[in-house]
Amino acid sequence: MNKNQELDKLFERWIAEFPQYKNKLYKDGIINEQEYERQKTKLLFIAKEPNDPEQNEGDFREFLSKEVRGSFFYRISEWTYGLLNNFPLLNEIENCNKIDIISKIAFMNIKKSGGKSSVGFDVIEKVLEVEYSLILSEIDIISPDIIIGCFGSVDDWKYLWPDIQFNSCGYDIGISKINNYKIINYYHPSYPVPKAMSYCLLKCVYNSEIFKNL
């Protein structure tokens, strides 16, 4: 059984334990397992919830293997390319195939059913509080080297790992390491700043001595 098959079994458990997800659960995980396993550094991006007010069911693995659109996933593709290629000039990424880039990562949402374009932190914290064991299981199956969290504050991670401690990297971004996962508590990809700013800040965090020595 490969990792995405393990994740499919996990999603069955998710629906069994939380019936509100029936016919609404949006699966996620490793976009292309073969490409993911080839990477020297395995990346997992964690976001809040799918942007789908109609609350359809679906699978980000299928969706992102065919199409990458919108500023949210454009930012993730830029950050991914930078992290995996020593952060070249941002202009160099513009003509790169976004599907090829996204195929190299894993992506998941904390909340598995769709919502509006914005969601309150209280909603995400409630999901973390009651679904933490399943969320942890998904992370463990994916088994990344670096997690880029785009879903909340450093305090929200304590729902998953109560003993986690975050350090400053010198750029006002919290970083941590737990269970062999290096964690960057970063901005949401749709955060309204110029793309070059978020790209360069991530480069500074990733290249900081404190992060390297975690």
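This passage walks through the sheet, one of its helices, the aromatic rings and the cysteines of a predicted model.

The sheet is a good place to start. It is open and built from seven strands, which line up as β2-β5-β3-β6-β9-β8-β7, with mixed pairing. At the edges sit β2 (29-30) and β7 (167-168), each of which has a pairing partner on one side only. Going inward, β3 (residues 43-47) runs parallel to β6 (residues 146-149), and four bridges hold that pairing. Phe45 takes part in this pairing, with Ile148 of β6 as its bridge partner. On its other side, β6 pairs with β9, again in the parallel sense and over four bridges. Here Gly149 is found opposite Asn185 of β9.

From β9 onward, the sense of pairing turns antiparallel: β8 and β9 are joined by five bridges. Asn185 of β9 turns up again in this pairing, this time standing opposite Gly174. Ile178, for its part, has Tyr181 of β9 as its bridge partner. The two strands make a hairpin with just two residues between them, and Asn179 in that turn shows a positive phi of about 50°. The next pairing, between β7 and β8, is antiparallel too, but rests on two bridges. Gly174 of β8 has a part here as well, facing Ser168. These strands also form a hairpin, now with five residues between them, and Gly170 takes a positive phi near 95°.

How enclosed are strands β8 and β9? For β8 (residues 174-178), four of the five residues are buried, so the strand is largely enclosed by the rest of the structure. In β9 the tally is five of five, so that strand is largely enclosed as well. The side chains of β9 split between two directions: Tyr181, Ile183 and Asn185 point one way, Lys182 and Ile184 point the other way, and all of them are buried. Lys182 has a further feature, since it lies over the face of Phe211, 4.9 Å from the ring centre.

Helix α6 (residues 121-142) lies across a good part of this sheet, namely β2, β3, β5 (106-109), β6 and β9 (181-185), and it runs at about 175° to β5. One residue of α6 worth a look is Glu138. Is this glutamate buried or exposed? With a relative accessibility of 0%, Glu138 counts as buried, because the cut-off for that label is under 20%. Apart from neighbours within four places in sequence, Glu138 is in contact with Leu7, Leu10, Phe11, Trp14, Asp28, Gly29, Met108 and Lys112. Of these, Gly29 falls in the edge strand β2 (29-30), and Met108 falls in β5 (106-109).

Next come the aromatic rings. The count of aromatic pairs comes to 19. One of them is formed by Phe151 and Trp157, with centres 4.8 Å apart and planes at 55°, so the pair is classed as tilted. Both partners are out of reach of solvent by the numbers: Phe151 counts as buried at 0% relative accessibility, and Trp157 is buried with a relative accessible area of 0%. Elsewhere, ring pairs tie Tyr26, Phe60, Phe63, Phe72, Phe73 and Phe107 together into a cluster. Phe107 comes from β5 (106-109), one of the strands that α6 lies across. A lysine also sits over the ring of Tyr74: Lys98 lies over its face, at 5.6 Å from the ring centre.

Finally, the cysteines. How many disulfides does a search of the whole structure find? The answer is zero. Cys169 is in no disulfide, and the nearest cysteine sulfur, which belongs to Cys204, is 8.7 Å away. Cys169 is buried, with a relative accessible area of 5%. For Cys204, the closest cysteine sulfur is that of Cys200 at 6.9 Å, which is too far for a bond, because a disulfide needs the two sulfur atoms within 2.5 Å. Cys204 counts as partly exposed, at 29% relative accessibility.

Note on methods: Residues are numbered from 1 along each chain as its sequence is written. This is a predicted model: local features need pLDDT of at least 70, side-chain atom pairs count only at pLDDT 80 or more; totals for chains, interfaces and linings use all residues. Side-chain values use heavy atoms; hydrogens and water are left out. Two strands pair if DSSP finds at least two bridges between them. Contact means heavy atoms within 4.5 Å. Axes are lines fitted to C-alpha atoms, for helices over the stretch in contact, and angles run from 0 to 180 degrees between N-to-C directions. Buried means under 20% relative accessible area, exposed over 50%, partly exposed in between (1.4 Å probe, protein chains only). Rings of Phe, Tyr and Trp (its six-membered ring) pair if their centres lie within 6.5 Å; planes under 30 degrees apart count as stacked, over 60 as edge-to-face and the rest as tilted. A charge sits over a ring if NZ of Lys or CZ of Arg is within 6 Å of the ring centre and within 35 degrees of the ring normal.
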